[in-house]
Amino acid sequence: MSLRAPPGDRDLTARLNFGVVNLDKPPGPSAHQVAGWVRDLAGVGRAAHAGTLDPKVTGCLPVMLGDATRLAPVFLEGRKEYVAVLELHDRRPADLDDVITSFEGEIYQKPPRKSAVSRRLRTRTIHAIDVLEARDRQVLIRIECASGTYIRKLCHDLGLALGTGAHMGHLRRTATDPFDDRDLVTLHDLADALAVAETGNKGPIRGVVAPAERVLRDLPAVVVAPSAAEQVATGAPVYAPGVLSADESDPDALVACYTPDGSAVCLGRRVGDPDAEEGLVVGLERVLV
């Protein structure tokens, strides 16, 4: 069978059918609506967004195109970063900073009533929370947290701890690993780049639609021989004789497998020693070729 070309050698159709757009979501539409617009603009059969954002929330919303939709599980294990306006219901206390930073670490959360998941108490990790600016009863905060953290609920709980009551005002997501707000593109950027591509100029589209391998950037890599990649394409796991090299990783870690030219082959869990002469090394979770 024919494997996918290296990321830098793909033509426009191949890029759109295995690509990702680091989209700056506008306020108003749902994340699902925005992903649908990207799908229709790109002319691909499927598109999926990474991590739901409520209609009023803006910012980093990676949208995977075509076969790249198979990479959605990667975003379940990464960190998120948000900038939020905390709207206090009373005069802000003198110990504001200390109370807010005390929320770093593990916290308990119950999903809100309108959420799509069961409302059971769960733990989430706040890796960092900082006060960026405070003015009257408004406090601008930055939160780095585990996936699945409800920022609206966090703001409510901060208000209780501060003794003032509080709710979330504007919210913007500034990062969802491995993407951040340094190279966001808008829907207009995508539409313009596609229009220019139709004239034969592929430069802009290369800056707007990244190869889907970018989603896998932070995962441990396993490089497999082309013959092993062909076996993976038919549903076979990765065995030791087909492994050319492997990053260090914990057992059962999520890893990304590539051909020697950098083309993604599969997502899987490391279940064996890549330095062994035989045996299973990577159990498949998503085939990407």
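# Reading the labels on this model

Q: What makes Tyr239, Val271 and Leu280 a nonpolar patch on the surface?
A: Together Tyr239, Val271 and Leu280 have about 280 Å² of accessible area (Shrake-Rupley method, 1.4 Å probe, only the protein chains shown counting as cover). Patch residues have over 30% relative accessible area and no salt bridge, with nonpolar side chains (Val, Leu, Ile, Met, Phe, Trp, Tyr) joined within 5 Å and like charges within 9 Å. The model is predicted, so local features need pLDDT of at least 70 and side-chain atom pairs pLDDT 80 or more, while totals for chains, interfaces and linings use all residues. Residues are numbered from 1 along each chain as its sequence is written, and side-chain values use heavy atoms, without hydrogens and water.

Q: Why is Val271 called partly exposed?
A: Buried means under 20% relative accessible area, exposed over 50%, and partly exposed in between (1.4 Å probe, protein chains only). Val271 has 48%, so it is partly exposed. Val271 sits in the loop between strand S15 (264-270) and strand S16 (280-287); helices (H or I, at least four residues) and strands (E, at least two) are DSSP runs, numbered from the N terminus.

Q: What makes Asp67 and Arg4 a salt bridge?
A: The rule asks for a side-chain nitrogen of Lys or Arg within 4 Å of a carboxyl oxygen of Asp or Glu. In this pair the closest N and O atoms are 3.4 Å apart, so the rule is met. Asp67 lies in the loop between strand S3 (58-66) and strand S4 (79-88), and Arg4 in the segment before helix H1 (12-17), 63 residues apart. The count by this rule comes to 15 salt bridges.

Q: Why does Arg4 count as buried or exposed?
A: Arg4 counts as buried because its relative accessibility is 18%. Asp67, at 22%, counts as partly exposed.

Q: How do you know that Asp24 and Arg172 form a salt bridge?
A: Their closest N and O atoms are 3.1 Å apart, so the pair meets the rule.

Q: How do you know that Arg142 and Asp130 form a salt bridge?
A: Their closest N and O atoms are 3.7 Å apart. Arg142 is in strand S7 (residues 138-146) and Asp130 in strand S6 (residues 122-135), 12 residues apart. Arg142 is partly exposed at 32%, and Asp130 is partly exposed at 29%.

Q: What joins Arg4, Arg46, Asp67 and Arg70 into one network?
A: Salt bridges that share partners join Arg4, Arg46, Asp67 and Arg70.
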